[in-house]
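Reader: I want the labels on this model explained. Take them one at a time, and show the reasoning behind each.

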Amino acid sequence: MISYKDALRNERWHAAEVFLATPALVVLQQYVPVLVTRLGASPLLLGLLTSGAAVMLVLASSLGQFWLQRMPHWRPAMFIPLMLWRSALLAVPLLLLLPAGQAEAIVALVVLLNFAAGFSNYTFTSYLPRMTLSDRLARLVSLRWTMLGLGMALFTVILAALLDAFRIPVNYAVVCALAFVIGVAGAWCLMQTRPEPLTKGGKGKPRAKLSEILSHVPARKYLLVTLLAQIALNAPGPLVTLQMVRVLGATNIEYGWYLAIFWISLAAFGLVVPMLVDRYGNTRIFAAGCIGLGAQLVILALATSLPVTWIAGFAGGITSVMFQVTGFGLLVQSAPPEKYEGFVGIHQMVVNFSVFVGPLLMTALIDVGLSIAVGMLMAAAARVVAGVLALRMAK
C-alpha cells in the first residue's frame, strides 16, 4: 500500500493534470461536433463521430490487458496513447484546408485516434484506485470531477470566445495549438504521480475470462445496469448539439455558456458528493443521478429559448457528478476479487458498446423523421428506468 503522504501527493498532481487536460477535451468532445455540424454534417455523420469512436474504444478495451502486459510500467503505458490521442488537435486545423469533405475527414481522424484513447482510458482506470488509499477513493474521484468541471467551465468560455474572434480555419488553428500546449503540461503533471504497481503477476498475469467475471453476481448486475444507463446517457448526445445549434440557433459563445453552467455546477457539487456517499451509499446516489439526468433531458426537450437551457445545464452538472463518482465506486465494489483489471476491460467494453449503439440508433431515428424533442424524452425515460433498476438490483 502507498503511504498517506504519497496518496496526498498523487491527489494534488492528479488534480493539476485534470484541470490542464480540459482544453483538449473542450475542443475534441464539445467543439469538434459543433464544427462538423456547421460544416454541413448530417445527423447520421454526427452520430458516427460518437459511435465510430466507441468502436475504437471497444477494440482498445478488449486489448487493454495485453497492453498492460507489454507496458507494465505506469509512465509509458499512460503517456504514449494519451499523446497520440491529443495529436488530433494538430491535425484538425490542417483538415480544414481541404477543398472538400472537411467534415468527413475530421470525423474519420477523430474516430481512428480514439483507438489510442482507449488504451489511455484503460490504463488510467486500472491505476486510479492505486493512486490513493481505499478510504480516500471517493474523495479522489470527486476531486477529479471538481477540477474537470472548473477547467471545462473556464476553457469552454475562453475557447468559444477565441473561436468567435477569428474566421475558419484560423480560429481552430489558434484554439487547437493552445489546447495542445496546455495538454502537454498536463501530461507532465500526470507523470509526476506514483501509483502503487499493478497487482502481482506482472507480465505473466493471465487474462481474466468473461465467464469468471460474469459468475460474480455483483459484477454481472452492475454490467447490466451500466449497459442501460450508458445507452441512455450517450444516445441523446448528438441531439443536444442539434437542439442548441440548429433549433435554438446558439452561437459558439452562447453554446459555451450552457456548457459553462453545466461544468460549474458539476465542479461545485463534486465537493458534496463524498459526504452523500458516506451517508447514503453509492447505489442510492447513483440512482438519484440517473433520475436527475432524465430531468435534464426533459428540460432541454421542452426549451423554447436559450436561457431555459441554462436550467438544464445546472441540473445536468449536479446529477452528472453524482452519476460519475458513484459509478466508479460501484465499479470498484463490484469487481471480482483479484480480477479488477479484467473487470475494467469488460466494463469499458460495455460502456463503449453503449456509446456506439446509443447515438447511432438515435441519429438514425432522427434521419427517418423522429423529432429531436421526442428523441430526448425517450432517452430521459431510459435514464429514469436505469436508476430504478440500480436500486432493485442492490436489494
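Reader: Why is Arg136 called buried?

Author: This is a predicted model, and the value is computed from it. Arg136 has 18% relative accessibility. Buried means under 20%. The value falls under that cut-off, so Arg136 counts as buried.

Reader: What makes Arg136 and Glu11 a salt bridge?

Author: Their side chains meet at 2.8 Å, N to O. The limit is 4 Å, between a side-chain nitrogen of Lys or Arg and a carboxyl oxygen of Asp or Glu. The distance is within the limit, so the label holds. Glu11 is buried too, with a relative accessible area of 7%.

Reader: Why is this pair said to tie together separate parts of the chain?

Author: Look at the positions. Arg136 lies in the loop between helix H6 (102-127) and H7, while Glu11 lies in helix H1. They are 125 residues apart in sequence, so the pair ties those parts together.

Reader: How do you know that Arg86 and Glu17 form a salt bridge?

Author: The closest N and O atoms are 3.6 Å apart. That is within 4 Å, so the pair qualifies. Arg86 sits in helix H4 (residues 74-86) and Glu17 in helix H1, 69 residues apart.

Reader: Are Arg86 and Glu17 buried or exposed?

Author: Arg86 is at 3% relative accessibility. Glu17 is at 6%. Buried is under 20%, so both labels read buried.

Reader: What makes Asp278 exposed, and what is Arg139 called?

Author: Asp278 has 54% relative accessibility. Exposed means over 50%, so Asp278 counts as exposed. Arg139 is at 41%. That value lies between 20% and 50%, so Arg139 is partly exposed.

Reader: What joins Asp278 and Arg139?

Author: A salt bridge, with the closest N and O atoms 3.6 Å apart. Asp278 lies in helix H13 (residues 273-280) and Arg139 in helix H7, so the pair ties together parts that are 139 residues apart in sequence. The structure holds four salt bridges.

Reader: Now the rings. How many aromatic pairs does the search find?

Author: Eight, over the whole structure. One of them is Phe19 with Phe155.

Reader: Why is the pair of Phe19 and Phe155 called tilted?

Author: The ring centres are 5.7 Å apart, and the limit for a pair is 6.5 Å. The planes stand at 55 degrees. Stacked needs under 30 degrees and edge-to-face needs over 60. The angle meets neither condition, so the pair is tilted. Phe19 is in helix H1 (residues 4-38) and Phe155 in helix H7 (residues 137-165), 136 residues apart.

Reader: How do you know that Phe19 is partly exposed and Phe155 buried?

Author: Phe19 has a relative accessible area of 24%. That lies between 20% and 50%, so Phe19 is partly exposed. Phe155 has 9%, under 20%, so Phe155 is buried.

Reader: What makes Phe262 and Trp263 edge-to-face?

Author: The angle between their planes is 85 degrees. Over 60 is edge-to-face, so the label follows. The rings are 5.0 Å apart, centre to centre. Phe262 is buried at 14%, and Trp263 is buried at 10%.

Reader: Which residues make the nonpolar surface patch, and how does Ile80 qualify?

Author: Phe79, Ile80 and Leu84 make the patch, about 250 Å². Ile80 lies in helix H4. Patch residues need over 30% relative accessible area, and Ile80 has 37%, so Ile80 passes that cut-off.

Definitions and conventions:
Residues are numbered from 1 along each chain as its sequence is written. This is a predicted model: local features need pLDDT of at least 70, side-chain atom pairs count only at pLDDT 80 or more; totals for chains, interfaces and linings use all residues. Side-chain values use heavy atoms; hydrogens and water are left out. Rings of Phe, Tyr and Trp (its six-membered ring) pair if their centres lie within 6.5 Å; planes under 30 degrees apart count as stacked, over 60 as edge-to-face and the rest as tilted. Helices (H or I, at least four residues) and strands (E, at least two) are DSSP runs, numbered from the N terminus. Buried means under 20% relative accessible area, exposed over 50%, partly exposed in between (1.4 Å probe, protein chains only). Patches are made of residues with over 30% relative accessible area and no salt bridge: like charges are joined within 9 Å, nonpolar side chains (Val, Leu, Ile, Met, Phe, Trp, Tyr) within 5 Å. Accessible areas come from the Shrake-Rupley method with a 1.4 Å probe; for residues, only the protein chains shown count as cover.
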